[in-house]
Amino acid sequence: MSASSAPVVDPKMAVPLTSRPAFQLLSKHFETASTLHLRDLFAADPGRAEKFTVEAAGLFLDYSKNRITDETLTLLLELARQSGVREHIAAMFAGEKINITENRSVLHVALRSARTDSYLSDGHNVVPEVHEVLDRMAAFASRVRSGEWKGFTGKPIRNVINIGIGGSDLGPVMAYEALRHYSRREMTFRFVSNIDGTDFAEATHGLSPDETLFIISSKTFTTLETMTNAHTARDWLLAAAKDPAHTAKHFVAVSTNATEVTAFGIDTANMFGFWDWVGGRYSMDSAIGLSTMLAVGPENFTRLLSGFRAMDTHFRTAPLERNMPVIMGLLSVWYNNFFGAQTVAVLPYDQYLKRFPAYLQQLTMESNGKSITLTGHRVDYETGPIFWGEPGTNGQHSFYQLIHQGTKLIPCDFIGFAQSLNPLGNHHDLLMANVFAQAEALAFGKTEAQVRQEGTVEWLIPHRTFDGNRPSNVILAKQLTPEILGALVALYEHSVFTQGVIFSIDSFDQWGVELGKVLAKKIAAELAAPDDSGLKHDSSTNALMRRYRHDKA
């Protein structure tokens, strides 16, 4: 496809979402379904709790506490078929260039492939290249973890700092926190992403330069925030090491720009590449995960990849009606486009997953935060919802009040585990009791009659009544292992993909982040100028810049 020619779009996706027969039937069905209460749905169907469940890749999903009936699910699945979800799954795995605005394949699934698999990009099997990088990562990680890799004073590396931003930061930091139980505890791992100097200052506080390794993660090696922090890191090292040649002992690169990497002072033998068919927010299982491998070791990183692969296989092969990512994606479309629910709360009841909601924010909102269809038309429906959340019981003492009794409908994903990695007394039973209790309370609430029977005075009854009928999914696994983390991430990746197909948008570009970056470069140069006579922005921006320059001086 040339830059001047418009891409060919699947005819199914060219049909506006609101014009698809299943969507129109769902609109009519919603008139009735929206009046149904989960209390009545459960009372009418004793087998509901077993009917609306699915298992895959070590995960168990109970979606029975959603405001759906058999007819709702049938119509949602028909919408998926009319939108071409099955065909687009096949196209992605086949390496077709479904990222049409950048004319690229979308093959993050190849990053976790078995050596015997085959994934084609432009007719070329990329799997051998993937495993060549993984093997080099494993060899490097083993040298660092064993103490063989030495710093400029001959001491082994004890501290690892990953410098990146976006997918080059959110994925690694989430994975490190999630798998901290499996990490090398005598090593320190920190992450720098913000261009705010405080981020770098705090990350290096208390560390010895001669025992610190920096991983610079930037595909182009030109990303403003990452390279600003990288140069500061090099200055920090050389203030102690003096000789620029020592840079090679303390810096490695995750990049594809050998020229810039060499110019920085990093030996290209220590450059780990990835490919343009890997989007940043889908890259934590590529070389971007080098810090993860250093923390947990090559064996556990391999286990992580196997969890991804198990969910990939399920997504690729399971029928739509038993396909966990498809079901979750359809439920999101249902609430987003019919109930007007604009957010989704992800509530992991495991402290290790404290960064999981933040990771999902980029995955979901950068992917489906679009308002233009693949055919170039503005949508007349809702696309990606806002994702947010907090771990454990913390949120219960923060925002759950709004979820339970506020005016906004907020679908929730609860994530819990049967076994704790740190069993202490009855902590875990109490933790999981809250998972089940919150989902139950959201679904069924408490009626005025129930509150009155408790002896509550009449004037207080309205305040203590819970409407219920607030939907949730409950995702359970036996234990948070590397495999389960991989499966969880892949579950949401493929749910996002499913929604993008139904919305007829490109889930794999991110043009929306470009304008601000371009303007920031221009403004940064203007802030460094000797005076503000050349400012040509709007009156507000000009005034703010002048005030900043005055106060800074």
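Start by selecting R112: at 0% relative accessibility, this arginine counts as buried. Keep in mind as you click around that this is a predicted model.

**Stop 1: the buried pair**

Now add D285 to the selection. D285 and R112 form a salt bridge, with the closest N and O atoms 2.7 Å apart. Zoom out a little and colour by residue number, and you'll see that the pair links distant parts of the chain, 173 residues apart. D285 sits in the loop between β9 (271-272) and α13 (290-296), while R112 is in the loop between α6 (85-93) and β3 (120-121). Is D285 buried or exposed? D285 has 1% relative accessibility, so it counts as buried, the cut-off being under 20%.

Don't deselect yet; bring in D312 and E493 too. Together with R112 and D285, these two are linked in a network of salt bridges.

**Stop 2: a pair further out**

Next, pick R115, in the loop between α6 and β3, and D135, in helix α7 (residues 127-146). Their side chains meet in a salt bridge at 2.6 Å, N to O. The two partners come from different elements, so the pair ties together parts that are 20 residues apart in sequence. Turn on the surface here: R115 counts as exposed at 55% relative accessibility, and D135 is partly exposed at 38%.

**Stop 3: R180 and E177**

Select R180 and E177, whose side chains meet in another salt bridge, at 3.1 Å from N to O. With the surface still on, check each partner: R180 is partly exposed, at 28% relative accessibility, whereas E177 is buried, at 13%. If you want to keep hunting for pairs like these, a search of the whole structure finds 26 salt bridges.

**Stop 4: the nonpolar cores**

Time to leave the charges behind. In soluble globular proteins, nonpolar side chains tend to be buried together. Here, the largest nonpolar core has 129 residues. Which members should you show as sticks, going by who touches the most other members? Go for L59, L294, W334, F356, L485 and Y492. Then highlight helix α21 (residues 482-503), which gives the most to this core, with 13 residues.

Centre the view on F356. Leaving out residues up to four places away in sequence, F356 touches M174, V346, I415, L488, V489 and Y492.

For the last selection, try V192, M227, A241 and F251. These four are among the members of a second, separate core of 23 residues.

Definitions and conventions:
Residues numbered from 1 in each chain as written. Predicted model: local features only at pLDDT ≥ 70, side-chain atom pairs only at ≥ 80, totals over all residues. Heavy atoms only, no water. Salt bridge = Lys/Arg side-chain N within 4 Å of Asp/Glu carboxyl O. Helix = DSSP H or I, 4+ residues; strand = E, 2+ residues; numbered from the N terminus. Buried < 20%, exposed > 50% of the residue type's maximum accessible area, 1.4 Å probe, protein only. Core = buried A, V, L, I, M, F, W, Y, C linked by side-chain atoms within 4.5 Å. Contact = heavy atoms within 4.5 Å.
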